[in-house]
Every structure is written in C-alpha cells, then in structure tokens.
Amino acid sequence: MPRHPRSIVVVGAGPRGTGLLERLGANLPELLPDGELDVHLVDPFPPGAGRIWRHAQSPLLAMNSMAADVTMYTDDSVVCAGPIVAGPSLWDWVQRVRDGELPTETADALGPALWAELTAVDASTFPSRQLQSRYLEWVLRDVVAALPPRVRVHLHTGRATAVTETGEDQWVTVEGLAAPIRADSVVLASGHLDATPTVDELDLGARAAAAGLRYLPPEQTTDTDLSVVRPGETVLVRGLGLAFVDLVVLLFEGRGGRFVPAADSSDQLRYIPSGDEPVLVAGSPRGSIYHSKTHYQLRGGRPPLPRHFGPADIAPLVAGGPVDMGATLWPLMAKEIAWGWYHELVAGHPDRVTLDLDEFAARFAALRWGTAEMDAFLADAAPDPLDRLDLDALDRPLAGLAAPDLDALQPLVVDRIAEDLRQHVDPRHTPHLGAFVAMLSVYGEVTQLQGEGGLTAASRARDVPWWQSFFNAVASGPPGFRVRQILALADAGLVRFLGPGMWVSVEGGVLRAGSAATPEIVTSTILVDARLPDSSAARSTDPLLAQLVRDGAVSEEILYADDGTVLRNTGLIRVRPADGALVDARGAVHPRRFAVGPHTAVKVAGAFTRPGMNAQSLRYNDAIARAVLASLPAESAAAA
Ligand SMILES: Cc1cc2nc3c(=O)[nH]c(=O)nc-3n(C[C@H](O)[C@H](O)[C@H](O)COP(=O)(O)OP(=O)(O)OC[C@H]3O[C@@H](n4cnc5c(N)ncnc54)[C@H](O)[C@@H]3O)c2cc1C
C-alpha cells in the first residue's frame, strides 16, 4: 500500500503557530525519530507575524512589551518535557543584527525607517510593532532552517475555510488552493478572532443608525475605518484599555499631531495639533487607563515564587472538590501578590522598613491576608502608607471620585494618572514591579487550577472575568511614554475623562454618555467601542470556525449552575487543558484536532515572554507540540 508522509496543518501562522512549529521541531528527535513530515502553515497574513504583528500597519503603533521582555525561545528556566533550544530574544536579535551576524537582516532588507529604529532601541525600549514583525518573520525562518530535511514546511497564503474527515484523514480547504490539504492532525492557532456584533451591540447600532448616528462596535483597532471620525467633533469612547491607546495613537499622531517636550519639564509632553483630530470623551467601568508599565529594575532581586500560592498551598484547598476563588483562593492570591511587593520593599529599600527580610518573611508567612493582625503588622513594618500595597486602589483607582461637572472632574482624574505614572517610573517605588512579578506567578497558578477543574462554575462565571480584568489593568498597561502622551492630550483638552461607571444611551436623536462621577451628560453623534470583540466561537466571522461550530466539532465553554441553568457562555473554544485537544459538542475529545491561543478556554498570559521566567506560554507550546506529534499515526496510510 502506498504511504503518505505524515502531515500536520497549523491554521494560523502568528506567534502561536510559529512557537508551536519551534516546539514541533525540538521534540521531533524523541517523538518522531524517523519518517517524513509535512507541516502546512496556513494564514492569509504574512507567516511568522500573522495578522496582529503584520508589517502593514501604522509605524506609530508600538509593542506593549520591552525589547528585553520578548522571546520566542526556551531557555534553562523553562520546565517542560521537551528539550531546551536556545534562540535570541528580540533584544538579542537587535544586537546581532547591528553586529552584522544575521546575513538576511541588512539595512537594505529592513529599509531606512526600521533600520533607524533598530539602531536606536535599547533593552527597555517598547519597539514598534513593525520591528517585532521583522523579528517574528526571522524567528520563523530560523525555526524552519533548523528542521531536518525530512521535514518540509509549506507556507500557504490564504484562509482555511473548512475541515472534513474521511476515515483517518482530515482535509483542510484553503482559499486559493485547488485541492484540500490532507492532514493527520490539525491545530487551530487562529488567535484573536473577529465576531459579529452581540445582541446589545446590534441593538445599539440599529438605534444609532436609525437616528443617523455613527457607532463603531468592538474591533481590532488597526482594522477600523477611522475616516468616519471627523476633525473637531466630540467622540464618545467606551473602553480605556489597550485598544483605547491604539485609537489615540491613530487619531492624534496618526493624523499629523506631534508631541514635544513641555517647556517647563523634560519629562512632560506638549501636544502640537494638526487640526485634523477630534476630541475624545472616554470612560469605562474603572474610568481610568490601565496602570503604566514599570520603568525600573528590581532592586531586591527576584522574589522567590511561588511562596504562598503554589501547588503545595493550593492542593489541600481543592482536595474536597472545586472551590470559590473569592472565598477560598483570593486570600492566598492577594498574599502572594503582596509577598512580591513587600519582598522588593524590604530587600530593595531596607532603609524604609523596620525589620530585615528574614524576620519579615517569617512574620508575614504566619499571618492571614485581610486580617487586622496582618494590617497592623504591615503598618509597623512599612510606616509610610505609600510603601504599603493597596489592592483595592489598584483595582478601582478612581473609586468614590465625584465632581459637579466634567471640567471639575478632569484634574482629579489626570492627577491620579500622573501619580500612577510617577510611581511606575520613580525607582523609589519598585515594589510595584515586585507585585507584578508575583501577579504573573498567580496568573499561571489560576490558569492551571482552572484547567484542572479546581474552580466552581459559579466562581468561573463571576470571579475569573474580574481576575482577568484586574490582571490586565495592573499587568498589561501602556508604557510610560504613552501615558505621557495621553496626559499631554488631556492637558490640550483633546482627551477628556468621563469617570468610572460609564453609561451610554441613544435618546432624542443623539448619543448620550455619563458616569457615576459627575451629573454632567455629554452628547455626540459618534460612539467608538474601543476594545476587541468578546470571544465567541459561535459568532466568529471565521468561516472555518463557523463550519466547525455548525458541525458540532467545536463547542463553546458554557458554565452551568448545579441546577443546570446557564451561568455564562464564555464563547471560548473548549479544549482538554493538558494538551489543547478539541472537545466537541458531545463532550468527546478529538484525538487529532487541537487548538491553542486566546480563542480557547485555556488562558495563557501573553504570547511573548521575558527570558528566564519559565513562561507558561513556552511550556504550553511544548505540551501541545508533543501531543500533536504523539497523535500522528505510526505510518500514514494513503487515502483512496
Ligand atoms: C493589538 C494587540 C497588541 C498586543 N500586544 C502585545 C504585546 O505587546 N506583547 C504581548 O506579549 N502580547 C501582546 N498581545 C497579545 C497577543 O495575544 C499576542 O501577542 C499574539 O498575537 C497572540 O498570538 P496568536 O498566534 O495566538 O494569535 P494572532 O496573533 O491573532 O495570530 C493568529 C493568526 O491566525 C490567522 N487565522 C485565523 N483564522 C484563520 C483561518 N481560518 N485560516 C488561516 N489563518 C487564520 C490570523 O490571520 C492570524 O495571523 C497583543 C494583542 C493584540 C490584539
């Protein structure tokens, strides 16, 4: 009987698809020691970078990570079953390009703008997305070059639109290909997906359209047609996260405005308008932009983690079955974050505390988070209130803010954002970085626990969205230079804050917006929802996913109460947490279909990671790649 080479189709050639290929290659000697293998990477966008990181986007858009914090490669810190294969982080890559060590990465190949950026960045720069695009494309080439000749990688520029099965074979239809690709195993690394509007968004859109108003629903900001936003008009913006930052970049600098150092301070900026910009009036449930990124190093060394919220601490709590995050886990989660904060305070700023690290660690460990005893101990240990962690303030920085009108509200919001920036830049406040490092550790443990069924459905429906949002607000904020730009725009009166508890309505032929912080109501003829669409496999505009949902081959994660009522449909694709295997609508695991990335129910923090962090994303890529290789048939039989 004729034999085919074994074949894997990876749908999506962004960071996840690329990272997966790297791990497939690394694990090959052990799990597929001989035989030919075809790997098909399918993506309508450039392979390596994919849609989010494609070069064809505004050069003004920047990464939200520092150059030294972005790697696609494993290192000795990564605890995974597969072998460690070192490779350059973005920052290493930049230096190697500068030193002429990478033959394809010349000034000519990069072009003058990217080359100028490349020669200027340092480890702590937040590089442009275009530079990251180039790094990711190089990583893909590097990964492919390291594969043995028996592995062939095929790059297909096109969208996968369907997967069918005949016997053991799967067939992937790709736009532009005359015939479907045969696959033994298929991986959906399809990332951030567009979705048709929700019922509420449709309703708002219909009412806005009926009144001749403009409503831009949630969307990937780089793909939004912003030409409908007119110069000088007031634009209501709902959402102050990273999509808001992109919107600001595109509507101000993107329309010809410029930031220059303010005359009175080298740190502050002044905005020189182009005349083409609108006025944004923006709000959200929190009412404030995310906390700034930190711009300093740890002074006390990396806190030993996990310390209070690791597997050994969690196991006894969940031994009796799934638990409630708020009631059972949060005290330990908070204590772990606080451990990161106070470890840095005590070890890095010993002059500001009343005891040494050993004594602090022992007494801190003995007390329960959230008790009067712990509060009293911390007040004693760190006399300056600014040195004490306030998780409530981090979560709701504008809680309780009130002003008679929008004008009076502005300085209140702006002062808090400016103070937040100061604390994330001034090395006196490095405990923020300690807390951030601990939060990453907590995030990983929560993901793991969730995957193991350790949380009740009610808690997953209620607490996990809150935790994700809190994590984003604290750990995924904009770099300081973006915060300075937003403050300059606020100073120019071009970005105005509505405050926390924002609401929107269509009434009397206009859009109206207000908040819990002020009685003033703002009217406008345009509203932008500045955020990505909520995850929804069922509403996905991706034809492949739509087909798989229709066929029952992909199912959404639905959280049920004990009495069978639906608590929440997360819209995320159900997978077996250990290996990303797809779970169909009947609850059966497909042995040779997998999904990995932000569209799945396994939430892994970031696609990129700082080297030396034993990052969850690298460990997970390894686990999926090993499962995919293990799923391949001993020999691939020919189909009819
Ligand atoms: C605007 C934005 C900025 C971000 N900035 C950062 C940052 O600075 N640092 C960080 O660590 N993380 C950042 N993230 C997080 C982000 O999740 C990751 O950086 C990363 O892009 C995720 O990789 P991915 O491959 O899973 O998904 P994606 O990057 O979305 O890639 C998925 C790919 O699948 C393709 N695809 C989808 N459907 C099909 C189909 N049917 N057929 C073929 N191809 C298909 C898409 O075209 C896309 O190229 C950012 C996210 C966004 C949205």
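A domain, as used here, is a stretch or set of stretches of the chain whose bounds come from an automatic or database domain assignment. Keep in mind that you're looking at a predicted model.

**Stop 1: the domains.** Colour the protein by its three parts. Domain 1 takes in 6-90 + 129-194 + 574-631, domain 2 is 199-289 + 479-529, and domain 3 is 311-404 + 419-463.

**Stop 2: where domains 2 and 3 meet.** Show just domain 2 and domain 3, whose C-alpha centres are 33 Å apart. Now look at the border: 12 residues from domain 2 are in contact with 10 from domain 3. How much area is buried between domain 2 and domain 3? About 850 Å², with carbon and sulfur atoms giving 58% of it. That kind of number is handy because the size of an interface is often given as the accessible area lost when the parts come together.

**Stop 3: the ligand.** Select the ligand and the residues within 4 Å of it. You should get 31 residues, and the closest are D43, R51, N64, H192 and D542. Sort this shell by class and you'll find 15 nonpolar, 10 polar and six charged residues. Two elements to highlight are α1 (15-31) and β3 (37-43), as each supplies at least two residues of the shell.

Next, zoom in on some polar atoms:

- N64: a polar backbone atom of this residue is 2.7 Å from an oxygen atom of the ligand.
- S65: an N or O atom in its side chain sits 2.9 Å from a ligand nitrogen atom.
- D542: here a polar side-chain atom is 2.7 Å from a nitrogen atom of the ligand.

So how much of the ligand does the protein bury? Taken alone, the ligand exposes 990 Å², and the protein buries 91% of that.

**Stop 4: two backbone oddities.** First, some background: most residues other than glycine have a negative phi, and most peptide bonds are trans.

Go to P306, in the loop between β13 (279-284) and α8 (311-318). The peptide bond from L305 to P306 is cis, with omega near -10°.

Finish at N614, in the loop between β23 (589-595) and α18 (616-631). N614 isn't a glycine, yet its phi is positive, about 45°.

Conventions:
Residues numbered from 1 in each chain as written. Predicted model: local features only at pLDDT ≥ 70, side-chain atom pairs only at ≥ 80, totals over all residues. Heavy atoms only, no water. Polar contact = N/O pair within 3.5 Å; in protein donor to acceptor, adjacent residues only side chain to side chain. Areas by Shrake-Rupley, 256 points an atom, 1.4 Å probe, with all protein chains shown as cover. Helix = DSSP H or I, 4+ residues; strand = E, 2+ residues; numbered from the N terminus. Nonpolar A, V, L, I, M, F, W, Y, C, P; charged D, E, K, R; others polar. Contact = heavy atoms within 4.5 Å. Buried area = accessible area lost by both parts, 1.4 Å probe.
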